[in-house]
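Student: I'm new to this structure and would like a close look at a single part of it. Could you pick up from the overall layout and walk me in from there?

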Amino acid sequence: LGSRGGRQVLASEEEVRAVLQVMRDLRHSAARLAAFRGLLHRCLLSSAQVLALLRGLRYEHEVSEMLHEAAPKVSDPYNLHVLVQAVTSPTYRARAARLLARLSKRSREDLARDSAAGVWKR
């Protein structure tokens, strides 16, 4: 699927499952990350889809790297907090929590600014 008319659409569950299978079959970290990035660039992903993909990675450094790339682009930023579940290392978890808190705050500020500006009014 990917983009239609210049707009990105939410990835289907089949697309996410296909990428997860490809990631499981790949032996090299760079190849797994490339498969994840390919889907990330083609489609919008929900927090739940990003979480599933992060859990499909093998190593903590892969999870941390892709969390930093994928989190700012999720389709539902109000659910960012669930992504920290993918991180098991205390060091990486602290970094992830700071990143997600910063992104959540930015998302809330953007929503408040849009609301105050009347963007949502007809």
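Tutor: Sure, let's start wide and then zoom in. What you're looking at is a predicted model, and the protein in it has five helices and two strands. Going from the N terminus, the order is β-β-α-α-α-α-α. Of its 122 residues, 39% are buried.

Now for the part to look at closely: R32, which sits in helix 2, the stretch covering residues 29-42. R32 counts as buried because its relative accessibility is 0%, and the cut-off for buried is under 20%. Its side chain has a polar partner in there: the side chain of E62, with a polar contact at 2.7 Å. Setting aside neighbours within four places in sequence, R32 also touches M23, L26, R27, L57, R58 and Y59, along with E62 itself.

Stay with the helix for a moment and find F36. Among the 33 residues of the largest nonpolar core, F36 is one of those touching the most other members, together with L45, L53, L54, L67 and L83. Helices 1, 2, 3, 4 and 5 each supply at least two residues of that core, and the largest share, five residues, comes from helix 2. In soluble globular proteins, nonpolar side chains tend to be buried together.

As for F36's own surroundings, leaving out residues up to four places away in sequence, it touches V19, M23, L45, V50, L53, L54, L57, M66 and A70. Look for M23 and L57 there: R32 is in contact with both of those too.

Methods:
Residues numbered from 1 in each chain as written. Predicted model: local features only at pLDDT ≥ 70, side-chain atom pairs only at ≥ 80, totals over all residues. Heavy atoms only, no water. Helix = DSSP H or I, 4+ residues; strand = E, 2+ residues; numbered from the N terminus. Buried < 20%, exposed > 50% of the residue type's maximum accessible area, 1.4 Å probe, protein only. Polar contact = N/O pair within 3.5 Å; in protein donor to acceptor, adjacent residues only side chain to side chain. Contact = heavy atoms within 4.5 Å. Core = buried A, V, L, I, M, F, W, Y, C linked by side-chain atoms within 4.5 Å.
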